[in-house]
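Work through the exercises below with the sequence and the coordinates open. Each task is followed by a solution in steps.

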Amino acid sequence: MAICSLTRILSAFVFVGAISLAACDDTKPATSATSGTDHDHDHDHDHDHDHDHAGDGTHHDGGTAIALGTSTIGTFSAVATRDEGTLAAGKDAAIDVTVTAPAGVTAKVAGVRFWIGTEDGKGSVKAKAEVEDPKEPTRWHAHAEIPSPIPSGSMLWVEIENDKGETVKGSFSLKM
């Protein structure tokens with residue numbers, strides 16, 4: 001009889017615990033500032049923008065991608081674009097960066113992060129980029145938050161992590 005009561009009590013605790021876990025939201029709140037790599041926060045952003053996935057400079061909604069240039073970042077070549085429009089403090093900018101390695105380089109891209117601001121990242125939030133289209137595995141996309149206020153001399157910063165855990169970074173003019 002005592003074992004049966006104990007079993008019922010334990011079953012009730014397991015049931016209540018399962019309900020509690022199902023209702024739990026363990027997402028972390030976004031913050032508006034980091035101090036570079038010491039406190040980088042990766043954010044996923046839901047968006048309704050149509051981006052230039054055809055690579056022809058036009059967006060499906062009739063907008064145009066603004067070319068930010070090509071840069072060598074470590075051993076990688078990076079080509080960056082941002083969505084057309086004014087960059088406003090406190091908003092975000094849709095960024096695409098195509099990252100390729102030259103022939104003979106064995107390191108592969110493991111992750112890409114973007115931020116707008118200064119090289120040290122103070123007052124900026126790093127956005128973790130993702131490959132949106134598996135047909136374009138070298139094109140990384142994210143929405144980078146624009147700091148408020150926008151620091152003087154702000155650039156788009158791109159940090160590339162290779163499959164060995166090494167990181168390199170480079171920058172692009174935002175063409176504001």
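## Exercise 1: Surroundings of Asn162

The side chain of Asn162 makes a polar contact with the side chain of Glu166, at 2.7 Å. The model is predicted.

Task. Place Asn162 in its strand, decide whether Asn162 is buried or exposed, and list what Asn162 touches beyond residues up to four places away in sequence.

Solution.

1. Asn162 belongs to strand E7, which spans residues 155-162.
2. The relative accessibility of Asn162 is 8%. Buried means under 20%, so Asn162 counts as buried.
3. Besides the contact with Glu166, a polar atom of the Asn162 side chain lies 2.8 Å from the backbone nitrogen of Lys164.
4. Leaving out residues up to four places away in sequence, Asn162 touches Phe76, Ala107, Lys108 and Ala110.

## Exercise 2: The aromatic pair

Task. The structure holds one aromatic pair. Identify the two residues and classify their geometry.

Solution.

1. The partners are Trp115 and Trp157, with 6.3 Å from centre to centre and 15 degrees between the planes.
2. Planes under 30 degrees apart count as stacked, so this is the class of the Trp115 and Trp157 pair.
3. The pair links distant parts of the chain: Trp115 is in strand E4 (residues 109-117) and Trp157 in strand E7, 42 residues apart.
4. Trp115 has a relative accessibility of 2% and is therefore buried. Trp157, at 11%, is buried as well.
5. Lys126 lies over the face of Trp115, 4.7 Å from the ring centre.

## Exercise 3: The pairings of E4

Task. Which strands does E4 pair with, and over how many bridges?

Solution.

1. E4 and E7 run antiparallel and are joined by eight bridges. Within this pairing, Gly111 has Glu161 of E7 as its bridge partner.
2. E4 is also joined to strand E5 (residues 127-128), by two bridges and again in the antiparallel sense. Here Phe114 has Ala127 as its bridge partner.
3. Seven of the nine residues of E4 are buried, and the strand is mostly covered.

## Exercise 4: The four-stranded open sheet

Task. Trace the strand order of the open sheet and name its edge strands.

Solution.

1. The order is E1-E2-E3-E6, with antiparallel pairing.
2. The edge strands are E1 (65-73) and E6, each of which pairs on one side only.
3. From one strand to the next, the twist averages 25 degrees.
4. E1 is joined to strand E2 (residues 76-83) by eight bridges. Ile73 stands opposite Phe76 in this pairing, and Gly69 has Ala80 as its bridge partner in E2.
5. The two strands form a hairpin with two residues between them; Gly74 in the turn has a positive phi of about 60 degrees.
6. E2 pairs in turn with strand E3 (residues 92-100) over six antiparallel bridges. Ala80 has Val97 as its bridge partner in E3.
7. Six of the eight residues of E2 are buried, so E2 is largely enclosed by the rest of the structure.

## Exercise 5: His143 on an edge strand

Task. Find the strand that holds His143, decide whether His143 is buried or exposed, and give the polar contacts of its side chain.

Solution.

1. His143 is found in strand E6 (residues 139-145), an edge strand of the open sheet.
2. The relative accessible area of His143 is 3%, so His143 is buried.
3. Its side chain makes a polar contact with the side chain of Asp92 at 3.3 Å.
4. A further polar contact joins the side chains of His143 and His141, at 3.5 Å.

## Exercise 6: The whole chain

Task. How many helices and strands does the chain have, and in what order do they run?

Solution.

1. The secondary structure comes to one helix and eight strands.
2. From the N terminus, the elements run α-β-β-β-β-β-β-β-β.
3. Of the 176 residues in the chain, 32% are buried.
4. Among contacts between residues at least 6 apart in sequence, 60% join residues at least 24 apart.

Methods
Residues are numbered from 1 along each chain as its sequence is written. This is a predicted model: local features need pLDDT of at least 70, side-chain atom pairs count only at pLDDT 80 or more; totals for chains, interfaces and linings use all residues. Side-chain values use heavy atoms; hydrogens and water are left out. Buried means under 20% relative accessible area, exposed over 50%, partly exposed in between (1.4 Å probe, protein chains only). A polar contact is a pair of N or O atoms within 3.5 Å; within protein, one must be able to donate a hydrogen and the other to accept it, and residues adjacent in sequence count only if both atoms are side-chain atoms. Rings of Phe, Tyr and Trp (its six-membered ring) pair if their centres lie within 6.5 Å; planes under 30 degrees apart count as stacked, over 60 as edge-to-face and the rest as tilted. A charge sits over a ring if NZ of Lys or CZ of Arg is within 6 Å of the ring centre and within 35 degrees of the ring normal. Two strands pair if DSSP finds at least two bridges between them. Axes are lines fitted to C-alpha atoms, for helices over the stretch in contact, and angles run from 0 to 180 degrees between N-to-C directions. Contact means heavy atoms within 4.5 Å.
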